[in-house]
Amino acid sequence: MLTAQPRSRAWREIDLEALAHNARVLQASLAPGCRLMAVVKADAYGHGAAQVALRLRRAGVKSFAVACLDEAISLRLHGLEEEVLILGYTPPEEAPALARWNLVQAVADEAHAAALAAQGIPLRVHLALDTGMHRLGIPADDHAALARVWELPNLSVEGVFSHLCVSDSPQPEARSYTHDQVERFFAAAAWMKARGLDPGETHLQASYGIWNLPPLPCTWARAGIALYGVTSGGTPPRRPLDLKPVLSLRARVASVRTLPAGAGAGYGLAFRTDRPRRLATVTIGYADGLSRALPEQGGQVLLHGQRCPMVGRMCMDQLLVDVTAVPEAAAGDVVTLIGWDGPAYLAAEEMASVCGTITNELLSRLGPRLPIVTAPQQAGACAAAEFAV
Ligand SMILES: *Cc1c(COP(=O)(O)O)cnc(C)c1O
């Protein structure tokens, strides 16, 4: 129910209690001794990294992952003192910042390890192992390379990890590929232990690894999209978990007008009325992170609990919706693009699939122009300011 709204034209509404719930559900789904690592890269997939990380810390999460140095420093500046792992490449010259902020850096390959070590600054690292994705990592079976990296000065290897690249697929070939990746990972860890090299923390599963594999004997599992309570779209997970969507996306009606049959509307007059129609202009557009292709691909919004089609061409800051079926539509009304509106629901997965992408891309592109409002604070209309980004 929408009882009170912020004064913004369009906003992201974040349900931090749903987030904490998801963290608990995910943690409970892991093997004993395996802890949830929260992936909060890309501003926590558009949910606001600082508030997400601080709420998850209260829920007991002890480790966080980001994509780059600036994201990690931003968490530190917001007071997060827990473990922060940078999953992506950091230029070796940034070694002083890694040390200064007490960050853990993923080592992209042997050359990256050597370049980091050559900076002459003690660094905490996790070794990425390439078990088959061929994106980052030292080949998991290249024992000589692993041994050389362990010999490097200045690097304290505190963990080893890998990433599964087809764990979302139900295809038999994909399942067997994932199985091989898992085997290679544990074989590498076993080889290290046999050589007296402590792998430290071990982590392999991301969201689809958690959903589609049995619990694995790692010390961490890195959840991103699942934490936000949605799937990427596509084939439903094999091991469904009771997760709750965290983000709703809302905007407002700016103006409503009735057009006669045979009129055109919007850029290019791309929408043509076949009969008299009522159009609402809605205060959100592609500069807020929506795909410009949404209207022509069948995008919809909720207004007064009813689905209404987007029409015409999306503008940078606005879009047109056909509200002929909703006579009570009026300026100032709240429009829901993702989330609940009374009994009606629009899933982020649906919007992503309509524009031919995955939920991860859709959410992480939601723009900084959309203030973040936390759900319980809706009653205080000015709460938007607290997390305005
Ligand atoms: C982004 C990312 C994750 C999180 O992936 P989800 O599918 O969103 O859970 C985990 N590990 C690595 C290495 C990543 O890049």
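These legends go with several close-up views of a predicted model.

**View 1. The whole protein, before we zoom in.** Let's get our bearings: the protein has 11 helices and 20 strands. Along the principal axes, its C-alpha atoms fill a box of roughly 80 × 45 × 40 Å. The radius of gyration is 23 Å, which agrees with the value near 21 Å that a compact globule of 389 residues would have.

**View 2. The ligand in its pocket.** Here we find the ligand sitting in the largest pocket. Two elements give two or more residues to the shell around the ligand: α2 (41-46) and β10 (220-223). How do the residues of this shell divide by type? They comprise 6 nonpolar, 4 polar and 3 charged residues.

**View 3. The residues that come nearest to the ligand.** There are 13 residues around the ligand, and those that come nearest are K41, Y45, S207, R222 and G224. K41 and Y45 fall within the range of α2 (41-46), while R222 falls within that of β10 (220-223).

**View 4. Polar atoms facing the ligand's oxygens.** Start with S207, where a polar side-chain atom lies 2.5 Å from an oxygen atom of the ligand. At G224 the partner is a polar backbone atom, 2.8 Å from a ligand oxygen atom. I225 also takes part through its backbone, with an N or O atom 2.8 Å from an oxygen atom of the ligand. As for cover, the ligand has 390 Å² of accessible area on its own, and the protein covers 88% of that.

**View 5. R124 and its two glutamate partners.** This last view moves to strand β6 (residues 123-130), where R124 lies. Which side chains does R124 join through polar contacts? One is that of E83, at 2.7 Å. Another is that of E158, with a polar contact of 2.8 Å to the side chain of R124.

Terms used
Residues are numbered from 1 along each chain as its sequence is written. This is a predicted model: local features need pLDDT of at least 70, side-chain atom pairs count only at pLDDT 80 or more; totals for chains, interfaces and linings use all residues. Side-chain values use heavy atoms; hydrogens and water are left out. A residue is near a molecule or strand if one of its heavy atoms lies within 4 Å of it. A polar contact is a pair of N or O atoms within 3.5 Å; within protein, one must be able to donate a hydrogen and the other to accept it, and residues adjacent in sequence count only if both atoms are side-chain atoms. Accessible areas come from the Shrake-Rupley method with a 1.4 Å probe; for residues, only the protein chains shown count as cover. On a 1 Å grid over the protein atoms alone, a cavity is a set of points where a 1.4 Å probe fits but cannot get out, and a pocket is an open set with protein on both sides within 12 Å along at least five of seven lines; lining residues have an atom within 4 Å of a point. A molecule sits in a cavity or pocket if more than half of its atoms lie within 2 Å of its grid points. Helices (H or I, at least four residues) and strands (E, at least two) are DSSP runs, numbered from the N terminus. Ala, Val, Leu, Ile, Met, Phe, Trp, Tyr, Cys and Pro count as nonpolar, Asp, Glu, Lys and Arg as charged, and the others, Gly among them, as polar. The radius of gyration is taken over C-alpha atoms; the globule rule is 2.2 Å times the number of residues to the power 0.38.
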